Amino acid sequence: DCDASLLFVEREFAPLLDEIRRGAPTLRHIFMLDDDGAANAYTTWRDRQPDRDPQLAVDTEDVCWQLYTSGTTGQPKGVQLTHRCMMRMRELDASVGTDWAYPGARARTLIAMPNFHLAGTGWALMFLHQGATCVIQPQVDVNHLLQAIGEQRITHFFTVPAVLQMMVEDPGCK
């Protein structure tokens with residue numbers, strides 16, 4: 001119901017694409033995230049894009065992000081956030097005045113929360129706005145998280161208590 005024209009999908013969901021196309025009449029392009037080199041691969045599309053500012057006119061009331069509710073009382077509903085809302089969140093981050101809320105461009109954060117949720121994408125956007133590096137984990141795997149923290153020199157990490165507990169209990173956590 002969001003009238004998407006682009007879809008970025010992992011290969012494992014390819015069997016669902018015909019059904020998705022039937023339910024999404026505005027969908028024009030589908031790019032595979034894990035199919036490097038193919039014509040419809042995300043990396044092929046990304047690398048064809050110009051490296052200059054497209055100079056698009058954007059109004060503060062334009063919707064820039066649509067998240068979906070959990071649907072606990074019915075069907076999930078799209079929640080539309082405007083550019084004004086997103087910039088206000090960044091202003092609030094900066095006003096807190098602590099390193100965790102405004103770590104700057106040298107920060108390196110690990111994104112292991114779901115990207116369809118405010119927690120995952122909101123955390124990533126907070127860091128990207130500052131020019132920081134975001135290392136994205138496709139799913140919660142304690143071994144991969146611990147490995148990424150060391151190898152990628154992660155300075156900031158946000159997770160839920162259950163994942164933190166699994167990490168602390170893992171023999172690889174030193």
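## A strand, a sheet and some salt bridges

F8 sits in strand β1, which covers residues 6-9. This model is predicted. F8 counts as partly exposed because its relative accessibility is 33%, and partly exposed runs between 20% and 50%. F8 also belongs to a nonpolar patch on the surface, together with L6 and L33. The accessible area of L6, F8 and L33 together is about 220 Å².

**The sheet**

Next comes an open sheet. In which order do its three strands lie? The order is β6-β5-β7, and the pairing is parallel. Strands β6 and β7 are the edge strands, each pairing on one side only. Strands of a sheet pair through backbone hydrogen bonds, either parallel or antiparallel.

Strand β5 spans residues 108-111. Two bridges join β5 to β7 in the parallel sense. One pair can be named: T109 has H156 in β7 as its bridge partner. Helix α4, residues 118-128, packs on this sheet. Helix α4 touches β5, β6 and β7. The direction of α4 makes about 165° with that of β5.

**Two loop residues**

Two loops follow the edge strands. The loop between β6 (133-136) and α5 (142-151) holds P138. The loop between β7 (156-157) and α6 (161-169) holds T159.

Is P138 buried or exposed? P138 is exposed, because its relative accessibility is 70% and the exposed class starts over 50%. The C-alpha atoms of P138 and A94 are separated by 28 Å. Along the chain, P138 and A94 are 44 residues apart.

T159 has a relative accessibility of 17%, so T159 counts as buried. The cut-off for buried is under 20%. Which residues does T159 touch, not counting those up to four places away in sequence? T159 touches M113 and L164.

**Salt bridges**

Side chains of opposite charge can pair when their charged atoms come close. How many salt bridges does a search of the whole structure find? The search finds four. Three of them, among the four, are listed here with the N to O distance.

| Pair | Distance, N to O |
|---|---|
| R21 and D18 | 3.6 Å |
| E61 and R84 | 2.3 Å |
| E91 and R88 | 3.3 Å |

Take R21 and D18. Both lie in helix α1, which covers residues 17-23. R21 and D18 are three residues apart, about one turn of the helix. R21 is partly exposed, with a relative accessible area of 44%.

E61 and R84 bring two elements together. E61 lies in the loop between α2 (42-48) and β3 (63-68). R84 lies in helix α3, residues 83-96. The pair therefore ties together parts that are 23 residues apart in sequence. E61 counts as partly exposed at 42% relative accessibility. R84 counts as partly exposed at 48%.

Where do E91 and R88 lie? Both are in helix α3, three residues apart, about one turn of the helix. E91 is partly exposed, with a relative accessible area of 46%. R88 counts as partly exposed at 45% relative accessibility.

Definitions and conventions. Residues are numbered from 1 along each chain as its sequence is written. This is a predicted model: local features need pLDDT of at least 70, side-chain atom pairs count only at pLDDT 80 or more; totals for chains, interfaces and linings use all residues. Side-chain values use heavy atoms; hydrogens and water are left out. Helices (H or I, at least four residues) and strands (E, at least two) are DSSP runs, numbered from the N terminus. Buried means under 20% relative accessible area, exposed over 50%, partly exposed in between (1.4 Å probe, protein chains only). Contact means heavy atoms within 4.5 Å. Two strands pair if DSSP finds at least two bridges between them. Axes are lines fitted to C-alpha atoms, for helices over the stretch in contact, and angles run from 0 to 180 degrees between N-to-C directions. Patches are made of residues with over 30% relative accessible area and no salt bridge: like charges are joined within 9 Å, nonpolar side chains (Val, Leu, Ile, Met, Phe, Trp, Tyr) within 5 Å. Accessible areas come from the Shrake-Rupley method with a 1.4 Å probe; for residues, only the protein chains shown count as cover. A salt bridge is a side-chain nitrogen of Lys or Arg within 4 Å of a carboxyl oxygen of Asp or Glu.
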